[in-house]
Amino acid sequence: LSSVTVTPDDPNTGEQVRIEATISNLDTSNTNVDVTDVYVRKTAPLEEFARVEDIGTVTPGGSLSVPISTAFETPGQKRLELNVVVRDESNTYHSYTYPIYIDVTEPTVRADLSATTSEDGSGTTEILVTNYGNTNLSDIEVTAVADGVVLDRNFLQELPPEASGTTTFDTEDVDADAVEFTANYTAAGEDHTTSLNVDVDE
């Protein structure tokens, strides 16, 4: 077992975690090994989270990467074991264990809107959507409404934590004092809304 990577190492509850083990057979080995089992578990109390079986053969000097995925429904630090079981050509089994520590947190959803109105006479309003939470914002739709009438809808790409995205609306011919901009988006498996009123009659 030459290396183990965990992505992400600080997931939210319910978020998929990818654990990848690289299993190497030394150049000096005189036998192929069959990787029979790779599994992730905790020992106190005993609970298995994921397992793959009958993965493949590693020749002397070769290596094999094995991805395995799981998710955690409760927050807290998880003290886990990655276990690898191999069988050599003499039908002897060997087991290897690697400790894994994963800090699982509750998802925090927090998006913020800010606006910049043009000063060059172009009559546009730029909306900045910022993700201040710890989970991705997806399916982002920003709607501009004035006096109950939808002026336009724009869409943004998915925003990871601490990222921002901008979209621009034409508000030059708006016959209203203010425009309400509303971002609808999905985060942590639920739909959310954040709104901002902008004075465009300046």
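A residue counts as buried under 20% relative accessible area, as exposed over 50%, and as partly exposed in between. Keep that rule at hand for the exercises below, and remember that this is a predicted model.

**Exercise 1.** Work out which class Lys42 belongs to, and which residue its side chain meets in a salt bridge.

*Solution.* Step one: take the relative accessibility of Lys42, which is 24%. Step two: compare it with the cut-offs of 20% and 50%. Lys42 therefore counts as partly exposed. Step three: look for the partner. The side chain of Lys42 meets that of Glu47 in a salt bridge, at 3.6 Å from N to O. Glu47 has a relative accessible area of 36%, so this residue is partly exposed too.

**Exercise 2.** Explain why the salt bridge of Arg41 ties together parts that are apart in sequence.

*Solution.* Begin with a general idea: side chains of opposite charge can pair when their charged atoms come close. Next, find the pair: Arg41 forms a salt bridge with Glu81, and their closest N and O atoms are 3.5 Å apart. Then place both residues. Arg41 lies in strand S3 (residues 33-43) and Glu81 in strand S6 (residues 76-88), so the bridge ties together parts 40 residues apart in sequence. Finally, check accessibility: Arg41 is partly exposed at 24%, and Glu81 is partly exposed at 22%.

**Exercise 3.** Locate the strands joined by the salt bridge between Glu141 and Arg153.

*Solution.* First, the side chains of Glu141 and Arg153 meet at 4.0 Å, N to O. Second, Glu141 sits in strand S10 (residues 138-146) and Arg153 in strand S11 (residues 149-156), twelve residues apart. To complete the tally, the count comes to seven salt bridges, and Asp37, Glu48 and Arg51 are linked in a network of them.

**Exercise 4.** Describe the open sheet that contains S1, and say why one side of S1 has no neighbour in it.

*Solution.* Write down the order: S1-S2-S5, with antiparallel pairing. S1 (3-7) and S5 (63-70) are at the edges with a single partner strand each, so one side of each is left without a neighbour in the sheet. From one strand to the next, the twist averages 15°. Now zoom in: five bridges join S1 to S2 (residues 17-24), and Thr5 has Glu20 in S2 as its bridge partner.

**Exercise 5.** Decide whether the chain is more spread out than a compact globule or not.

*Solution.* Start with the elements: 14 strands and zero helices. The radius of gyration is 26 Å, well over the 17 Å from the globule rule for 202 residues, so the chain is more spread out than a compact globule. The C-alpha trace spans about 85 × 35 × 20 Å along its principal axes.

Note on methods
Residues numbered from 1 in each chain as written. Predicted model: local features only at pLDDT ≥ 70, side-chain atom pairs only at ≥ 80, totals over all residues. Heavy atoms only, no water. Pairing = 2+ DSSP bridges. Helix = DSSP H or I, 4+ residues; strand = E, 2+ residues; numbered from the N terminus. Axes fitted to C-alpha atoms, helices over the stretch in contact; angles between N-to-C directions. Rg over C-alpha atoms; globule rule 2.2 N^0.38 Å. Buried < 20%, exposed > 50% of the residue type's maximum accessible area, 1.4 Å probe, protein only.
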